[in-house]
There are 2 protein chains.
Amino acid sequence: MSSSFSSPTVSLTPGEAGDAARSSANVSHFKLDNGLELVVIPDMRTPVVTHMVWYKNGSADDPVGKSGIAHFLEHLMFKGTTNHPQGEFSNLVAELGGQENAFTSYDYTAYFQRIGKEHLKTLMAFEADRMRNLVLTDEVVTPERDVVLEERRMRTDNDPAAQLDEAVQAALFAHHPYGTPIIGWNHEIESLDRNDALHYYDRFYTPENAILIVAGDVEAQEVLALARETYGAIPACAEPPRRNRTKEPPHRAHRLVSLSDEKVEQPSHERVFLVPSYRTAQPGEAEALETLAYMIGGGATSALYETLVVESKLAVGAGAYYLGSAVDDTRLWVYATPAPGVSLERLDAAIEDVLKRFIEQPIDAEHLARAKTRLVADAIYAQDSQASLARWYGEALATGLTIEDVVAWPERMEAVTAADVTAAAKNWLDKRRSVTGFLLPAEDAA
Amino acid sequence: MSSSFSSPTVSLTPGEAGDAARSSANVSHFKLDNGLELVVIPDMRTPVVTHMVWYKNGSADDPVGKSGIAHFLEHLMFKGTTNHPQGEFSNLVAELGGQENAFTSYDYTAYFQRIGKEHLKTLMAFEADRMRNLVLTDEVVTPERDVVLEERRMRTDNDPAAQLDEAVQAALFAHHPYGTPIIGWNHEIESLDRNDALHYYDRFYTPENAILIVAGDVEAQEVLALARETYGAIPACAEPPRRNRTKEPPHRAHRLVSLSDEKVEQPSHERVFLVPSYRTAQPGEAEALETLAYMIGGGATSALYETLVVESKLAVGAGAYYLGSAVDDTRLWVYATPAPGVSLERLDAAIEDVLKRFIEQPIDAEHLARAKTRLVADAIYAQDSQASLARWYGEALATGLTIEDVVAWPERMEAVTAADVTAAAKNWLDKRRSVTGFLLPAEDAA
């Protein structure tokens with residue numbers, strides 16, 4: 001069994017171009033009496049189903065002083081329940097030829113399996129069981145906490161790049177919990193105990209807080225019937241927990257975070273801007289930011305790559321992306337790896353010049369058209385994976401969007417104009433709202 | 001009436017050199033049955049008393065999402081009670097020829113009056129009254145919130161240096177509430193209402209959470225009797241509220257915060273190190289930090305001033321201080337104002353060189369002796385003010401120290417060695433645990 005916490009990656013921007021209407025019209029959306037949402041996505045290509053449960057709580061919902069509890073619970077969900085001892089569920093999935101995984105992010109925690117469609121009901125019964133029947137004794141909780149601490153040690157505390165990333169995000173978010181790492185601060189993980197886990201589990205692992213996504217060769221009504229039999233048997237618990245998150249104050253000062261470490265062999269540069277997410281943006285604004293990020297640094301034809309890697313050769317790599325899928329204001333990342341002998345200061349100035357072009361100069365129509373086509377096409381290609389398809393809908397719903405938002409996304413991307421991209425650059429590529437990160441070899445901190 | 005929120009200034013380091021023992025032996029310390037602490041400090045020079053009540057809660061105890069509530073309560077404490085309408089207390093103090101003030105800091109909130117000693121009992125009765133009988137209606141609370149918002153607008157939002165200070169502290173404290181301004185974030189002040197005020201008042205304004213300091217031409221037993229009559233009539237409320245503060249994760253990356261604004265005419269530089277406080281330090285360590293800060297930047301004979309202002313003329317001003325009086329890990333500040341034409345980068349490098357000297361080179365014995373003498377002498381001079389005397393004890397007790405700590409301070413300062421100062425520099429002038437702030441004219445952000 002692999003229980004992993006996933007770092008956020010490129011925002012998932014679903015959509016379908018040509019035959020969008022037909023396919024999306026087939027997505028069904030239900031709500032069980034106990035409040036659980038169900039989304040069924042037809043995908044008839046193979047006799048396989050993807051089954052995901054998304055809980056609308058992630059690390060940004062960790063109680064103050066209890067950072068890491070969302071991720072810790074993800075680990076604990078692989079322990080036994082009152083009905084099934086530890087390992088039974090995972091072993092069964094493996095025996096039936098299936099796959100499973102789980103991930104915790106800032107805004108959600110999700111559990112995933114893929115299996116032959118005839119086993120769907122079995123999965124649903126097991127997943128519904130662990131929604132409420134987890135056994136959380138000290139014998140289970142305490143050793144797993146050590147596993148998480150070791151995970152943190154390996155992934156973060158031994159990795160200068162991960163340490164810098166933590167410091168950059170902490171500097172970007174002065175007050176909002178996105179500034180706290182998903183895995184939690186070490187000293188707070190150390191303090192998590194059985195009571196914390198129980199309290200958290202009771203509060204968040206409820207049908208009202210869950211979204212069930214089933215994609216595959218299944219009929220919606222059939223899945224609904226199965227869901228009622230399994231998840232539907234869970235009594236309603238309470239109103240869905242509120243997301244009481246602190247908000248950022250206005251940002252007026254640029255922050256440069258420099259980390260130098262003897263383990264660093266390759267310096268690197270990043271610039272992170274605080275920007276609206278698909279959920280917090282004005283209409284069309286997130287799509288413009290998505291396009292802007294792609295034009296700045298999406299692939300080898302992007303402005304950053306062409307200017308820094310191909311032309312000036314100041315960098316050996318460069319890119320940008322927009323983490324649009326977030327409940328609250330989020331991040332647009334720009335990054336580059338300097339060529340040998342190029343200082344990060346010099347690289348920074350060159351990056352600044354590229355960003356300024358988007359603010360000051362007209363957007364190239366051809367580049368814009370190419371970017372939009374590519375973004376929409378990427379989304380279509382990604383749907384080839386049943387898991388990606390399921391993930392798009394789950395992520396959208398778990399971050400406060402609707403199925404309609406997902407369905408209309410390609411259309412809204414097509415509508416992005418050059419003026420929209422320029423406005424997004426002017427409004428949001430504001431250095432005062434950004435943090436720059438310098439990763440440096442030892443004895444070389446800026 | 002002047003209700004002011006006081007920015008933290010140089011740490012108050014009480015103590016007496018020569019005849020310390022005699023004077024300090026006369027300080028009396030009592031605890032009433034309801035939990036209220038009483039400290040009586042004899043000062044027979046004039047027939048005047050200083051009366052202070054210290055509550056062991058400051059802005060760092062503001063509930064999450066309710067920043068500014070401690071300071072807001074300080075304002076509201078000047079409104080009426082069930083026994084006395086608004087203005088009666090303040091008017092009386094003025095009519096009797098007295099003075100009053102109040103201040104909110106990170107770790108405490110305090111109320112102060114100075115008056116002829118014959119009026120002490122009157123003050124005590126009024127101050128005890130408002131500890132529990134404040135009238136907090138919407139009519140009182142809502143307009144005062146606008147007053148606080150206006151205060152914030154004037155003091156912070158219109159002042160680039162104050163904005164930079166907020167951003168520097170937010171960057172220094174990634175997780176601990178010292179990163180939140182005392183006055184609160186604007187959007188959270190806006191949300192404070194009567195319920196918040198009532199809940200906060202009930203929780204923190206209790207005899208168990210209060211320290212009464214009386215300095216002046218008074219006998220301890222007489223003050224005790226008066227305190228029993230007035231404060232002693234308040235029923236015990238509960239255990240003192242716990243200070244549930246989040247702790248900082250390890251700091252591994254230097255942060256440079258740059259703010260540029262058209263209102264800036266004079267650029268400035270600051271460097272803030274995260275260091276232990278008198279309460280969190282190992283024995284002797286805070287005294288060494290106090291000495292180190294003074295040697296770096298205390299006055300015109302300090303290393304920073306001599307090097308940057310007198311010798312190299314890179315700066316027109318420079319200094320350093322240690323904010324030792326704090327419940328949790330605190331700040332050592334180094335700052336400088338560049339001479340015309342000197343960039344902050346150049347100044348930063350020069351400051352860095354001065355700091356490195358303390359780490360790498362032996363401490364000059366004469367400079368050390370001079371610093372210690374001066375620090376202890378300053379403390380003695382400051383005792384000439386009855387209010388300062390009262391404030392030392394109040395601040396010490398409110399931040400978790402004891403009367404013995406206050407009394408023994410000059411002795412512990414005398415014991416600081418060159419090796420202690422070097423160790424403090426090596427341990428705590430760690431750039432990774434620091435934030436640098438650049439205040440710049442418009443269009444000149446680093």
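A residue is called exposed here if 12 or fewer other C-beta atoms lie within 10 Å of its own, and buried if 20 or more do. With that in mind, helix α5 of chain A in this predicted model can be read from both of its sides.

**A helix with two sides**

Helix α5(A) spans residues 138-157, and among its residues A:Val141, A:Glu144, A:Arg145, A:Val148 and A:Arg152 are buried. Seen down the axis of α5(A), these buried residues fall within an arc of 115 degrees, so they line one face of the helix. The spacing fits a general rule: an α-helix has 3.6 residues a turn, so residues three or four places apart point the same way. The buried residues of α5(A) pack against three helices of chain A, namely α2 (69-76), α7 (186-189) and α8 (194-204). On the other side of α5(A), the exposed residues are A:Glu139, A:Thr142, A:Pro143, A:Asp146, A:Val147, A:Glu150, A:Arg153 and A:Met154.

**How the two chains meet**

Chain A and chain B each give 27 residues to the contact between them. On the side of chain B that touches chain A, at least two residues come from each of α6 (160-172), α7 (186-189) and β7 (254-261), and β7(B) supplies the largest share, with 6 residues. The classes of the residues on this side of chain B are as follows.

| Class | Residues of chain B on the side touching chain A |
|---|---|
| Nonpolar | 13 residues |
| Polar | 10 residues |
| Charged | 4 residues |

Strand β7 of chain A, residues 254-261, is joined to β7(B) by 5 bridges, and the two strands run antiparallel. Within this pairing, A:Leu256 has B:Leu256 as its bridge partner.

The arrangement of the copies can also be described by a rotation, since chain B is superposed on chain A by a turn of 180 degrees with 0.0 Å of shift along the axis, at an RMSD of 0.0 Å. The two copies are thus related as by a two-fold rotation axis. In chain B, the C-alpha nearest this axis belongs to B:Leu256, 2.4 Å from it. Of the interface residues of chain B, 100% are also interface residues in chain A, so the copies meet through the same surface.

**Confidence in the model**

Chain A has an average pLDDT of 92, and 94% of the residues score at least 70. Over residues 1-23 of chain A, however, the pLDDT is below 50, although this stretch has 56 contacts in the model beyond near neighbours in sequence. Where pLDDT is low, the predicted coordinates should not be read in detail. For the complex, the predictor gives an ipTM of 0.87 and a pTM of 0.90.

Note on methods
Residues numbered from 1 in each chain as written. Chains lettered and ligands numbered in written order. Predicted model: local features only at pLDDT ≥ 70, side-chain atom pairs only at ≥ 80, totals over all residues. Contact = placed C-beta atoms within 7 Å. Helix = DSSP H or I, 4+ residues; strand = E, 2+ residues; numbered from the N terminus. Nonpolar A, V, L, I, M, F, W, Y, C, P; charged D, E, K, R; others polar. Pairing = 2+ DSSP bridges. Arc of directions from axis to C-beta. Least-squares fit on C-alpha atoms with pLDDT ≥ 70 in both. pLDDT = per-residue confidence, 0-100.
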